[in-house]
Amino acid sequence: MITGNKKDIAALLPYISKRLGTALRYIVETDFDKVENGEYHLDGDRVFVRVDRYTTEPLENKKPESHNAYIDVQYLGEGTEKIYYTAKSETHKVTEDYGAERDLLFYGDVRETDCVTLGNGIFAVFFPWELHRPGCHAVHGGCAVQKIVVKVLAEE
């Protein structure tokens with residue numbers, strides 16, 4: 001997992017792949033106040049964006065997930081949320097497999113011990129070998145968020 005502030009993305013760009021750079025530059029260059037919910041392709045199916053609005057939920061209401069084919073770059077245009085995460089291991093069992101049609105696998109409770117709080121310019125990058133549980137309350141009672149997820153094809 002990589003995390004940082006969008007103001008520091010330029011310093012990160014020399015060390016990452018071209019596609020991941022496309023995703024991070026999109027976060028820096030986009031005024032999300034003007035972006036509607038939907039899916040936007042930046043480089044065909046290799047790099048695309050999903051924008052959605054929702055209200056965060058308690059940790060126990062959210063499911064840990066992973067993706068086989070895509071890296072997730074997650075960012076908030078507004079609001080605050082926590083994402084719990086951990087490295088994927090053979091002890092983590094898939095409970096719902098939508099891998100073939102949606103590149104999405106859900107897991108039973110994996111009891112993540114680490115988290116990142118998105119908001120105020122913070123982004124997070126999750127790789128296929130990591131489980132993450134997005135959309136969790138960062139403030140008591142939750143809040144409305146505008147979520148930006150840039151999907152980056154992990155394979156060449």
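## Notes on the predicted model

1. **A loop residue to start.** T30 sits in the loop between α2 (18–29) and β2 (38–43). This is a predicted model, and every point below should be read that way. T30 has 17% relative accessibility, and buried means under 20%, so T30 counts as buried. Its side chain reaches back to Y26: the backbone oxygen of Y26 is 2.6 Å away.

2. **The main core.** The largest nonpolar core holds 21 residues. Within this core, the residues with the most contacts are L24, V73, I148, V150 and V152. Two or more core residues come from each of α2, β3 (47–55), β5 (70–78), β10 (122–126) and β12 (144–153). Helix α2 gives the largest share, five residues.

3. **A second core.** There is also a separate core of nine residues. Among its members are Y85, V116, L118 and A124.

4. **V150, one of the best-connected core residues.** V150 is among the residues with the most contacts inside the largest core. What does V150 touch, leaving aside neighbours within four places in sequence? The list is A23, Y26, I27, L42, V47, F48, V49, I71, D72 and V73. Y26 appears here too; the backbone oxygen of Y26 is also the atom that the T30 side chain reaches.

5. **V73, in the same core.** V73 lies in strand β5. Its relative accessible area is 0%, so V73 is buried. Setting aside neighbours within four places in sequence, V73 is in contact with L20, A23, L24, I27, A124, V125, I148, V149, V150 and V152. One of these pairs spans a long stretch of chain: V73 and A124 are 51 residues apart in sequence. In space, their C-alpha atoms are 5.8 Å apart.

6. **Q74, the next residue to check.** Q74 is in strand β5. Is Q74 buried or exposed? Its relative accessible area is 2%, so Q74 is buried. The Q74 side chain makes a polar contact of 3.1 Å with the side chain of D72. Beyond four places in sequence, Q74 contacts E81, I83, L118, I122, F123, A124, F126, H132, P134, K147, I148 and V149.

7. **The largest pocket.** How much space lies in the largest pocket? About 530 Å³. The pocket is lined by 18 residues. The closest to its centre are E65, Q74, L104, P134 and V149. Q74 is therefore both a buried residue and one of those closest to the pocket centre. P134 and V149 are also among the contacts of Q74. Strands β3, β5, β11 and β12 each supply at least two residues of the lining.

8. **Strand β11.** Why call β11 (residues 130–136) largely enclosed by the rest of the structure? Seven of its seven residues are buried, so the strand is largely enclosed. Strand β6 (residues 81–87) pairs with β11 in the antiparallel sense, over five bridges. One bridge to look at joins T86 to its partner in β11, L131.

9. **Y70, also in β5.** Y70 is found in strand β5. At 14% relative accessibility, it counts as buried. A polar atom of the Y70 side chain lies 2.6 Å from the backbone oxygen of D45. D45 is also on the contact list of Y70, which leaves out residues up to four places away in sequence: D45, R46, F48, D103, P128, K151, V152, L153 and A154. Take R46 as an example of separation along the chain. Y70 and R46 are 24 residues apart in sequence, and their C-alpha atoms are 8.6 Å apart.

10. **Two loop residues with positive phi.** R111 and N120 deserve a look at the backbone. R111 is in the loop between β8 (105–107) and β9 (114–118). Its phi is near 55 degrees, a positive value in a residue other than glycine. R111 has a relative accessible area of 65%, so it is exposed. N120 lies in the loop between β9 and β10. Phi of N120 is near 55 degrees, again positive in a residue other than glycine. With a relative accessible area of 76%, N120 is exposed.

Terms used. Residues numbered from 1 in each chain as written. Predicted model: local features only at pLDDT ≥ 70, side-chain atom pairs only at ≥ 80, totals over all residues. Heavy atoms only, no water. Buried < 20%, exposed > 50% of the residue type's maximum accessible area, 1.4 Å probe, protein only. Helix = DSSP H or I, 4+ residues; strand = E, 2+ residues; numbered from the N terminus. Pairing = 2+ DSSP bridges. Polar contact = N/O pair within 3.5 Å; in protein donor to acceptor, adjacent residues only side chain to side chain. Core = buried A, V, L, I, M, F, W, Y, C linked by side-chain atoms within 4.5 Å. Contact = heavy atoms within 4.5 Å. 1 Å grid on protein atoms, 1.4 Å probe; cavity = no way out; pocket = protein on both sides within 12 Å on 5 of 7 lines; lining within 4 Å. Points joined across faces, edges and corners; volume = space filled by probe spheres on them.
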